[in-house]
Amino acid sequence: MINNRVSIIGCGNIGISLLQGLLKQQIIPAKNITATRRNIEELTHLKESGVRLMSDNIEAIKESDLIIIAVKPYNIVGVLQELKDHLNPGKHLLISVTAGVTISKIQDVVGTRVPVFRAMPNISASVGKSVTCICHNGAKPKELESVKFLFDMIGITMTIDEDLMESATILGACGVAYVLRFIRAMIQGGIQIGFDAATASVIVNQTVKGAAELLIERHQHPEFEIDKVTTPKGCTIVGLNEMEHNGFSSSLIKGLVASFEKIEK
Ligand SMILES: NC(=O)c1ccc[n+]([C@@H]2O[C@H](COP(=O)([O-])OP(=O)(O)OC[C@H]3O[C@@H](n4cnc5c(N)ncnc54)[C@H](OP(=O)(O)O)[C@@H]3O)[C@@H](O)[C@H]2O)c1
């Protein structure tokens, strides 16, 4: 796998995040990674990295084994049509991170000669902390292993049924934005009670990281840990209940479901 070459077709927000995560790991040499987009000058900042940069998608996949398609849904069919006659069975694995486009839609364009995967990472890939949900329809164990190996480099990987991919997009990929908005609100609250923005950010970021680590390491339900912080008649429970009276959990769940309904359309 270490010698496998990767191309990222459509290196925008998520493509760059994946690229940065892979470069950070240094398992795949930079020269074995190719990044494409049409406005290639937008990738100039990556020149020093040693990554192959080009706007020619066909040329990019010639030197690749794992092909990550990271374009928007409205661009994917055009890209697949461009690539389909250049896909090499036995060599290429096609992985789409494009939201909402099924494996069967992809295979309608490229056929079934090359294994097709869908993967849903998030932008924390850039710091090696993504959770990536993967699905396939009948890939060989070795092929799945290669794809998992790739995404394990930039975080943790889970294999799920394809009919949960949209849910994975909302919870795992959009989820980063929900958490960041929560963090922003915490920082604003921190400023109101006396901290400057920089200090509040440090305190909040570490608090959020620590709370997540607590759950990850101890495999606990959040409420179990919340009980340890909420002294009867104390300030934490007063604050939490006030948040709930104002719709904290409800608004989060409603927002998540609204995102899901939008992606389902
Ligand atoms: N952003 C996230 O957090 C995230 C996470 C997981 C999955 N996704 C999914 O990944 C997909 C991309 O999202 P994004 O946020 O990364 O979008 P984005 O920033 O717009 O990136 C897409 C890139 O594709 C390039 N592109 C378009 N047509 C191309 C073509 N024919 N050949 C080569 N490159 C082409 C665009 O650059 P040029 O215009 O220069 O070609 C653009 O940089 C979406 O379906 C999204 O749902 C996103």
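F182 is partly exposed, with a relative accessible area of 35%. Partly exposed falls between buried (under 20% relative accessible area) and exposed (over 50%), with a 1.4 Å probe and protein chains only. F248 is also partly exposed, at 34%. The model is predicted: local features need pLDDT of at least 70, side-chain atom pairs count only at pLDDT 80 or more, and totals for chains, interfaces and linings use all residues. Residues are numbered from 1 along each chain as its sequence is written, and side-chain values use heavy atoms, leaving out hydrogens and water.

The count of aromatic pairs is 1. The ring centres of F182 and F248 are 6.3 Å apart and their planes stand at 50°, so the pair is tilted. Rings of Phe, Tyr and Trp (its six-membered ring) pair if their centres lie within 6.5 Å; planes under 30 degrees apart are stacked, over 60 edge-to-face, and the rest tilted. F182 lies in helix α6 (residues 165-192) and F248 in helix α10, so the pair ties together parts 66 residues apart in sequence. Helix α10 covers residues 248-264. Helices are DSSP runs (H or I, at least four residues), numbered from the N terminus.

F182 and F248 also join M186 and M243 in a nonpolar surface patch. Together the four have about 330 Å² of accessible area, computed by the Shrake-Rupley method with a 1.4 Å probe, where only the protein chains shown count as cover for residues. Patch residues have over 30% relative accessible area and no salt bridge, and nonpolar side chains (Val, Leu, Ile, Met, Phe, Trp, Tyr) are joined within 5 Å. A salt bridge places a side-chain nitrogen of Lys or Arg within 4 Å of a carboxyl oxygen of Asp or Glu.

Conventions. Patches are made of residues with over 30% relative accessible area and no salt bridge: like charges are joined within 9 Å, nonpolar side chains (Val, Leu, Ile, Met, Phe, Trp, Tyr) within 5 Å. Helices (H or I, at least four residues) and strands (E, at least two) are DSSP runs, numbered from the N terminus.
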